[in-house]
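Reader: Could you take me through this entry, beginning with its metal site?

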Amino acid sequence: MAKPRLKIIPLGGLSEIGKNMMVIEYENDIIAIDAGLMFPSAEMLGIDLVIPDISYLLERRERIRGIIITHGHEDHVGALPYLLPQLNVPVYSTKLTRGLISVKLKERKALSGANLKVVPPNGKITLGKFRIEFFPVCHSIPDAVGLVIHTPVGTVVHSGDFKLDYTPVSGKPTDLSRLAQLGAQGVLLLLSDSTYAELPGYTPSERVVGEALDNIMANAPGRVIVTTFSSLVSRVQQVIDAAAKHQRRVCFVGRSLIDTARIALELGYLNAPDGVLAQLDELRGMPHNKIVFVTTGSQGEPTSALVRIANRDHRQLHILRGDTVVISATPVPGNEALVNQTVDNLFKQGAQVLYSTVAQVHVHGHGSQEELKLLLNLVKPTFFMPIHGEYRHLTLHAKLAESIGIPKDKIFVLEDGDILELNPQAGKITGKITSGNVYVDGLSVGDIGSVVLRDRRMLSRDGMVVVIIAVNRQTGKLVGYPDIVSRGFVDTREDKDMIEESRQLVARVLDHGRDRPAEWGFINTKVKDTLHKFYYEQTKRRPMILPFMVKV
Ligand SMILES: [Zn+2]
Ligand SMILES: [Zn+2]
């Protein structure tokens, strides 16, 4: 393959939903697009967040010209507070995105020293040999953009997250004419959002939700409690509009929602007529059919306002007869059980609950198959690479590209860490770099590895058994019988005999009574092996066994 080539390297977001980050490299210049986080899956016990592994970038720090952020959703900006202090490069985004980034950085005390630059939704910047052009896309948050990246090898179009809503609530529709123009001039590579590549047809317009909300505000006999993603600014706008139309006042509940709404109001991306927004205490004494709450908790997050309300655990808000709760979001895969439980609890409290399977109270922000095909047809890229999605989404998107005539050998389905190299004629996956998950747990970033997670899984599955072995301080000889304490393994009262038997067994294999110094390495292995085998025979369980030596 002729040199030099353009390299495209996904650090996250391929074969998974979340932690989107894409590296584009040409000779001495590197740019990164997005720096998102992913919420942990069920088996990542105790993990708060997952962010991309950026070892590749850290090794090439002096060549990175900047990070460009397509929009303010967590899966595109959420890793910045952790990555930016390490990379210390400028970040380019539109105004609202920048506002949301600064909130995130401030929360983690990473704002000072950050170089955040604002680019208009159709602005242009030059970073090294890359000339980058922003173009507006319609998504579920205002000020979202896609990118046109002019490189010495050819033009790359990155769709960001997008759909083709011709009647969006806020923000602009996707700029199709610019895309068609680029298509006519020739595009080397299209990187396009695959999140909803499974869905046939078109994604319904936000207007559908507007109408549903309008109906609810008009007819609900009491208070209306709407929950959605706090970053879904255009949905919050729809709630305000519908509430205002029916003389209801709106109160935000939940910290992340209050923060996002404040920034969006300040920057003019959220608008409310005078007197519509209210603090909680201003609503006291008002007729219930004049009140709307907007809360966090659309994903059933255990500490969120809605879940607290559903569990009668919220300090200020309780469900009252006549309340209507609207869940204006769909569960992110993995959160279904939490959301369903919340819905059940709300029904139990006597609320009427409306959610997307029973009412048109949510449409998603990503294009369905016909929209993806339209983009492919307009841009007419030489090469195509589906991005943002699980492997099945990427595969289905690749099939759509084939169906509109892009040859199979010009479509590249990558996974995180794969290196795609392109020249104007040909492309090839040439290798793999270090990539993967970095776990954020409490205050620590990156020190939780697969060993810790394996232990947590083991503990959560079969519990643990602690074996305390006493040794004479002077002689180093074993003293008495071992003590056995267990948690999460068996009911120690019910299975008293088995535990007792295991004590005897340990004593026997360690040869208690015989006058022999205890050697720790031997004891440790012997106890573990013996008990693993014994407990497995008795219970078919494999608890974690932790021998301890105490000197007496
Ligand atoms: Zn998004
Ligand atoms: Zn996204």
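Reader: What is the spacing in sequence of the donor residues of the zinc ion (ligand 1)?

Author: This is a predicted model, in which local features need pLDDT of at least 70 and side-chain atom pairs pLDDT 80 or more, while totals for chains, interfaces and linings use all residues. Residues are numbered from 1 along each chain as written, chains are lettered from A and ligands numbered from 1 in the order written, and side-chain values use heavy atoms, without hydrogens and water. Donors are N, O and S atoms within 2.8 Å of the metal (3.2 Å for Na, K and Ca), and water is not among the atoms, so sites may look incomplete. For the zinc ion (ligand 1) the donor residues follow the spacing H-x1-H-x65-H-x21-D.

Reader: Why does the pair His73 and His139 tie together parts of the chain, and how many residues apart are these in sequence?

Author: His73 lies in the loop between strand 5 (64-68) and helix 2 (74-77), where helices (H or I, at least four residues) and strands (E, at least two) are DSSP runs numbered from the N terminus. His139 belongs to the loop between strand 9 (130-136) and strand 10 (145-151), so the parts tied together are apart in sequence by 66 residues.

Reader: Which protein atoms are the donors of the zinc ion (ligand 1), and at what distances do they lie?

Author: The donors are His71 (NE2), His73 (ND1), His139 (NE2) and Asp161 (OD). Asp161 also bridges to the zinc ion (ligand 2), 3.3 Å from the zinc ion (ligand 1). The four protein donors lie from the zinc ion (ligand 1) at 2.1 to 2.4 Å.
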